Amino acid sequence: MSHQIPRANAILEKLTWGRGRKKKQAYLPILTEIAEYFLKELGVPSSVKVKISFVKMKGNQVAYLELSDGQTNNFEIKVNEVTIFRRIVRFLAHEITHLAQVVRGDLTVVKGEGLHWKGEKVLFPDGKPYSIDHPDTPEYYNAYKSLPHEAEAYGNMDKFFDDARKKFDRPIESLAELGIEANYFD
């Protein structure tokens with residue numbers, strides 16, 4: 001069951017928080033503002049529904065956008081439950097960029113074929129198809145980051161993180177109540 005978080009503005013028809021939200025409770029209001037800001041900046045229509053869940057993930061994976069064939073207006077972003085705030089913000093920018101790519105029609109999933117970018121099957125420079133199962137090597141990572149949909153998403157991470165830090169950083173209220181001075185982006 002999802003928990004509806006009050007929105008700072010009416011960007012989305014529905015932004016909900018799924019599993020794992022209790023562990024990140026102190027962050028949910030500011031993460032809601034930040035996610036809605038990213039969605040607005042990327043031109044995602046208010047009719048698009050987004051759920052963000054915190055889940056256990058294997059390895060060093062931080063987050064991913066669940067995608068399926070024909071998906072256009074109902075999405076779930078899953079974030080590794082052990083991820084710290086600053087990385088959550090960076091990877092929300094990344095995954096919301098992918099969401100915007102899908103909504104624009106640039107990134108699609110074709111059943112039986114996998115990811116397509118602007119109508120063409122996503123292939124690595126060596127001609128191999130994109131796969132979620134991959135070697136964990138620097139060569140693979142560099143090739144992965146050069147794929148067109150990933151280049152845009154990685155490119156937005158720093159810009160949107162910096163924008164969010166300038167726009168939303170403030171003291172963490174729950175810590176301030178305990179006499180501890182710390183900001184979200186510290």
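Two residues are taken to meet, or to be in contact, when heavy atoms of each lie within 4.5 Å. This criterion underlies the description of the helix pair given below for the structure, which is a predicted model.

The protein chain contains 5 helices and 8 strands. Along the sequence these elements are arranged in the order β-β-α-β-β-β-α-β-β-β-α-α-α. Of the 186 residues in the protein chain, 43% are buried. Among contacts with a separation of 6 or more, 62% are made by residues 24 or more positions apart. The exposed surface of the protein chain amounts to about 10400 Å², of which 50% is supplied by carbon and sulfur atoms.

Two packed helices are described by the angle between their axes and the distance between the axes. For helix 1 (residues 28-41) and helix 2, the packing angle is about 30° and the axes are 10 Å apart. Because angles under 35 degrees count as roughly parallel, helix 1 is classed as roughly parallel to helix 2. The crossing of the two helices, helix 1 and helix 2, is right-handed. On the side of helix 1, the contact is formed by Ile-30, Leu-31, Ile-34, Ala-35, Phe-38 and Leu-39. These residues meet Phe-85, Ile-88, Val-89, Leu-92, Ala-93, Ile-96 and Leu-99 of helix 2.

Two further positions of helix 2 were examined individually. Thr-97 belongs to helix 2. The relative accessibility of Thr-97 is 0%, and the residue therefore counts as buried, the cut-off being under 20%. The side chain of Thr-97 reaches the backbone oxygen of Ala-93 at 2.7 Å; Ala-93 is also one of the helix 2 residues that meet helix 1. When residues up to four places away in sequence are not counted, Thr-97 touches Leu-42, Glu-152, Ala-153, Asn-156 and Phe-160.

His-98 likewise lies in helix 2, which spans residues 85-104. With a relative accessible area of 6%, His-98 is buried. A polar contact of 3.1 Å links the side chain of His-98 to the side chain of His-94. Leaving aside residues up to four places away in sequence, His-98 touches Leu-65, Leu-107, His-149, Glu-150 and Ala-153. Ala-153 is thus touched by His-98 and also by Thr-97.

Definitions and conventions: Residues numbered from 1 in each chain as written. Predicted model: local features only at pLDDT ≥ 70, side-chain atom pairs only at ≥ 80, totals over all residues. Heavy atoms only, no water. Helix = DSSP H or I, 4+ residues; strand = E, 2+ residues; numbered from the N terminus. Buried < 20%, exposed > 50% of the residue type's maximum accessible area, 1.4 Å probe, protein only. Areas by Shrake-Rupley, 256 points an atom, 1.4 Å probe, with all protein chains shown as cover. Polar contact = N/O pair within 3.5 Å; in protein donor to acceptor, adjacent residues only side chain to side chain. Axes fitted to C-alpha atoms, helices over the stretch in contact; angles between N-to-C directions. Parallel < 35°, antiparallel > 145°, perpendicular 65-115°, else oblique. Left-handed = near helix turned anticlockwise from the far one by under 90°.
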